[in-house]
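Student: I should like to go through the terms applied to this model and see how each value is set against its definition. Could we begin once the structure is displayed?

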Amino acid sequence: KNAAAISKTKAQLAGTIGTITAVGAAIYAGPVQQSIKFQSSMAKVGTIADATAVPLNALQKDIVNLSNEIGVNANNIAEDVYNAISAGQKTEDAVGFVGQAVKLAKGGFAETGQALDVMTTILNAYGKESSEAEAVADMLIQTQNKGKVTVAELSSVMGKIIPTANANNVALEQLCAGYAIMTARGIAAAETTTYMNSMLNELGKTGTTADKTLRAAAGGSFKDLMAQGMSVAEVLDILQAEATKGGKSLADMFGSAEAGKAALTLMADGVEGFNSQVAGMLDSTGAAESAFKKMAETTEEKIAKAKNALNNLAIVLGDTFLPYVTAGAQKVSEMVTRFSAWAQENPKLLSMLVKVGGAVLGLKAAGQAAKIGFLELNGARLTIQKGFEGIRTVFNLARIDSAGFSGTLKGVAKNVIG
């Protein structure tokens, strides 16, 4: 009778341990793993962020909130924040800047890294503040709308011409107008970049035919005329008038065929046509936000956003258990280290314990209260499969009553909502 009772008790105990182990394994495989990965991402951000401007825990909260808002993985957002800070953005501006880059990427059919790159290139080259990032994004989307080009394509080529444009006082809206006009007429973004870059170089280089003509006809260099408020088309119009006087074409005012083709294409609709495009760039407020919202309404984006929200919930839940996992991992590491030392000192005894093919062994060190659990020996390789003994009696689940668990969930909810 006593034997039957003992057997029943053992069976119940085994079932309870199995259930707790299964719960612990599920928590570790899901929320804890998500939390560990995000913790590593934030550690990378922490190596470059200015913690005196924004504490790392506050930056982490901002990143998760942005991730929930726009439906992009929090680890990816953290990586983008790192890159933004690395590219010169202030820590306090980085998350907002990344938010603009993500919206630009989604509305411009680009990767976030591409959008981030072109935006930082423009802001840095033109000396613009982070607060102007939205206006830059709007112009790029407007260029996409007016031309036959995407932000993804622009991001891969604009870096080649922006330094030339900036050096000659050619504002971003003028450059974007040029891309819109030329790509709309069937010239690919890469060729447009080459042609316009060649044209701007000839206009700005002292001693070229274009430069000499402008100085004689307008009393100043291309750079000077741009600084005075002229548009590129108005400068080209001066050259065209001078060319006509001499019985030549506008293309004849340039030494390279590429530069001449750019000038002729930009002037296809005259000064008024070019200036109208420039006005459209300046009047593009809200273009990026509008494009982003249209993309966000697709079923694919809605599903992705829902999945991302669940992933972020897992991160917050994992943060609750992570301290226990960390403590347990340290204990397991200590025990395995001691076992390794014992194994090296007792090779013959170890070989007696290891069976051919490998087996799961329960090892108890004499005189030690700590147990080494879930130790799998597979040939000569030692694999820790599901250790983590001592994690507060498996996350203290046995000691959490309903009121205490409710309080934990309230804390989690507060972190998720922000």
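Tutor: In H15, the buried residues are Phe-274, Gln-277, Val-278, Gly-280 and Met-281. Buried means under 20% relative accessible area, exposed over 50%, and partly exposed in between, with a 1.4 Å probe and protein chains only. They cover an arc of only 160° around the axis, which puts them on the same side of H15; the arc is that of the directions from the helix axis to the C-beta atoms.

Student: On what basis do these values rest?

Tutor: The model is predicted, so local features need pLDDT of at least 70 and side-chain atom pairs count only at pLDDT 80 or more, whereas totals for chains, interfaces and linings use all residues. Residues are numbered from 1 along each chain as its sequence is written, and side-chain values use heavy atoms, with hydrogens and water left out.

Student: What covers the buried residues of H15, and what does its other face carry?

Tutor: The cover includes helices H6 (133–146), H9 (172–184), H13 (232–245) and H14 (257–266). The face turned away from the buried side carries the exposed residues Glu-272, Ser-276 and Leu-282.

Student: What span is expected of helix H15, and what span does it reach?

Tutor: The expected span is 1.5 Å times one less than the number of residues. H15 (residues 270–282) has 13 residues, for which 18 Å is expected, and reaches 19 Å from its first C-alpha to its last, close to that expectation. Helices are DSSP runs of H or I with at least four residues, strands are runs of E with at least two, and both are numbered from the N terminus. The chain has 20 helices and three strands.

Student: Why is Ala-279 called partly exposed?

Tutor: Its relative accessible area is 43%, so Ala-279 is partly exposed. Ala-279 belongs to helix H15, and its C-alpha is separated by 8.1 Å from that of Glu-173, 106 residues apart along the chain.

Student: Why does Asp-252 count as partly exposed?

Tutor: Asp-252 has 44% relative accessibility and therefore counts as partly exposed. Asp-252 is placed in the loop between H13 and H14. A polar atom of its side chain lies 2.9 Å from the backbone nitrogen of Ser-249.

Student: What makes the phi of Phe-109 notable, and why is this residue called exposed?

Tutor: Most residues other than glycine have a negative phi. Phe-109 is not a glycine, yet its phi is positive, about 55°. The residue lies in the loop between helix H4 (91–107) and helix H5 (112–126). Its relative accessible area is 51%, so Phe-109 is exposed.

Student: Which other residue has a positive phi, and why is it called partly exposed?

Tutor: Asn-169, a residue other than glycine, has a phi near 65°. Its place is in the loop between helix H8 (162–167) and H9. Because its relative accessible area is 32%, Asn-169 is partly exposed.

Student: What makes a set of residues a nonpolar core?

Tutor: Such a core is a set of buried Ala, Val, Leu, Ile, Met, Phe, Trp, Tyr and Cys residues joined through side-chain atoms within 4.5 Å. The largest one has 90 residues, and Met-158 is among those that touch the most other members. Leaving aside neighbours within four places in sequence, Met-158 is in contact (heavy atoms within 4.5 Å) with Val-118, Ile-122, Leu-140, Leu-172, Leu-175 and Tyr-179.

Definitions and conventions
Polar contact = N/O pair within 3.5 Å; in protein donor to acceptor, adjacent residues only side chain to side chain.
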